[in-house]
Amino acid sequence: MEHHADSMDQPCHQEHLTSLAQDLTQWQVVALTLGLEESEVEEVEECGENLPERRIRMLLKWKSKFNIGATYRRLYDCQSSLKRNDLAEKVRELSSTPVRYVAELAKSLKTFYETNDAKMRRSFLGIETDARTGPKRFEFFKLVIVEGEIADMSGESVRTLPMKSKMKEVMAKRKPIELVNIFKDGSESKTILIEGAPGSGKSTLLWHICHLWRSGELFQKFNYVIHVQLRNPNVQKASSIADLIPCSTTIANNIWKEIEAADGKGVLFLLDGWDELPPHLQRESFVNETLNRSPKGGIQLSSVVVASRHTSSDELQNAKTSHLEIVGFTEDEAKKCISSLLSDNPSSIPPLSEKLEASPSLMCCCYLPLNVVIIV
C-alpha cells in the first residue's frame with residue numbers, strides 16, 4: 001500500500017496521459033478543474049485539431065504548466081470530483097503501471113551494467129587481466145557498515161586493534177546497518193555519504209547496489225540507478241548531467257529527458273570516488289550540481305550515494321543527510337573471500353590459512369578487502 005500511495009504522487013507520464021485522453025469527456029471542464037486558465041483552454045481549441053488530439057494537447061499543456069505538480073493524485077481527484085469514478089480508477093491503475101518507454105531505457109542501463117560486470121569487479125580487485133583469467137565468478141562478501149563515522153572514537157584507534165577486538169569495539173560504539181535498510185526511512189532527496197579507508201570496499205559496494213537493482217533484488221523504488229566513476233576523465237569533462245549516464249549518447253540523452261521531466265524523482269545517483277575528483281570540480285561542475293541538486297538542474301527529487309575517503313569528504317558534510325562508514329570484513333567474511341579467490345587452486349588454501357592463524361598481525365590486515373587480494 002505504501003508503494004502504491006507513493007506512485008500516486010509521481011508526476012504523470014506522457015504515455016499514460018495519451019492513454020487516458022481517449023476516454024475523456026468534457027475535456028474543457030477537466031482542463032479548468034486541473035487548474036488551466038480559460039485562455040489556455042482557448043489556445044487548445046484554436047489549434048484546429050480533431051477532438052482526440054485536443055484532449056491529448058490539453059493534458060500535455062497541464063503537465064508542462066505544473067511540471068512535478070501534475071501528479072496522478074491530482075488527476076485522480078479531478079476525475080473523482082467530476083463523478084468519473086471509472087476514469088479515477090484508471091488513473092490509479094496507471095500510476096502503478098510501468099511505463100514501457102521508461103522500462104526500455106532502464107533495460108539499456110541494466111544491460112550496460114551486466115555487460116561490464118566482470119570487467120568492473122576485476123578492476124576493484126586490482127586484477128588487470130582479460131576476461132579469460134582471474135576468478136571465474138565474482139561474489140560480494142558482506143561488509144560491515146555502521147551509522148556515523150568511527151574516526152572520532154576515543155582510546156586506541158580501532159584500525160590498530162586485532163581483527164576480532166576491532167569489530168567488537170566498533171559494534172559497541174556504532175550501530176551497524178544492513179544495505180537493504182539504507183533507504184528505509186522513506187525520505188526523498190536523500191544524500192548518503194559513505195566513507196571508508198582505502199581498499200575498504202567503497203567502489204565494490206556501489207557497484208553491488210547496481211547489481212541488486214538490475215537483478216531486481218533491491219532498490220526497485222528507483223526507475224534509474226546511475227553509476228558514475230568520478231575518476232573517469234570523460235566524467236570530469238562532462239558538459240551536462242546526461243554525460244554522467246554510462247550509456248550511448250542517444251540513450252543517455254533520452255534517459256536524461258525522462259529524469260528532467262520528473263525533476264529527478266525515482267533516480268539514484270551513485271558517485272564513486274569523490275576523493276578522486278579534482279578540487280575545482282568538487283566545487284563547480286555537473287557532478288557538484290548532481291550532489292547538491294541545483295534548482296536549475298532538473299534533479300531536485302533525486303537521491304545520491306557518494307563514496308569518499310575520510311581525508312576528502314569535508315566538502316560533503318553540508319550536503320549529506322545520512323552518514324555511513326564501511327569498516328570492512330569480519331574475520332569469517334575475510335576467510336570466505338580468501339577461499340573464493342583461491343577456488344581455482346584449493347590446495348593453496350590450507351597453507352595460507354595456517355599462516356594467517358600463526359600471524360595475528362597479518363590476519364588483522366584482512367579486514368580490508370584490498371589487503372585480502374594482496375595477501376592472496
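Modeller: A polar contact is a pair of N or O atoms within 3.5 Å, and within protein one atom must be able to donate a hydrogen and the other to accept it, while residues adjacent in sequence count only if both atoms are side-chain atoms. This is a predicted model, in which local features need pLDDT of at least 70 and side-chain atom pairs count only at pLDDT 80 or more, whereas totals for chains, interfaces and linings use all residues. Residues are numbered from 1 along each chain as its sequence is written, and side-chain values use heavy atoms, with hydrogens and water left out.

Biologist: What makes the approach of the S285 side chain to the backbone nitrogen of V287 a polar contact?

Modeller: The side chain of S285 reaches that nitrogen at 3.3 Å, and the pair therefore falls within the 3.5 Å limit. S285 itself sits in the loop between α14 (279–283) and α15 (286–292), where helices are DSSP runs of H or I with at least four residues, strands are runs of E with at least two, and both are numbered from the N terminus.

Biologist: Why is S285 called buried?

Modeller: Buried means under 20% relative accessible area, exposed means over 50%, and partly exposed lies in between, using a 1.4 Å probe and protein chains only. S285 has 18% relative accessibility, so it counts as buried. V144, found in strand β1, counts as buried at 8%, and its C-alpha atom is separated by 6.2 Å from that of F329, although the two residues are 185 apart along the chain.

Biologist: How do you know that C365 has no disulfide with C364?

Modeller: A disulfide is a pair of cysteine sulfur atoms within 2.5 Å. The closest cysteine sulfur to that of C365 belongs to C364 and is 5.8 Å away, which means that the distance is too far for a bond. C365 is partly exposed, with a relative accessible area of 33%. The structure as a whole holds 0 disulfides, and C337 is likewise in none, the nearest cysteine sulfur, in C366, being 9.0 Å away. C337 is buried, with a relative accessible area of 7%.

Biologist: What makes β2 and β6 a pair?

Modeller: Two strands pair if DSSP finds at least two bridges between them. Strand β2 (residues 191–196) and strand β6 (residues 322–328) have 5 bridges in the parallel sense, with I194 opposite L324 in β6. β2 also pairs with β5 in the parallel sense over 5 bridges, and there I192 stands opposite V305. These strands belong to an open, mixed sheet of 6 strands in the order β1-β6-β2-β5-β4-β3.

Biologist: Why are β1 and β3 said to stand at the edges?

Modeller: β1 (144–147) and β3 (224–229) each have a single partner strand, so one side of each is left without a neighbour in the sheet.

Biologist: How do you know that β2 is mostly covered?

Modeller: In β2, 6 of its 6 residues are buried. T191, L193 and E195 point one way, while I192, I194 and G196 point the other way.

Biologist: What makes a set of residues a nonpolar core?

Modeller: A nonpolar core is a set of buried Ala, Val, Leu, Ile, Met, Phe, Trp, Tyr and Cys residues joined through side-chain atoms within 4.5 Å. The largest one here has 71 residues, of which Y224, I226, I259 and L271 touch the most other members. Its largest share, 7 residues, comes from α11, and apart from this core lies another of 23 residues, among them A70, C78, L87 and L94.
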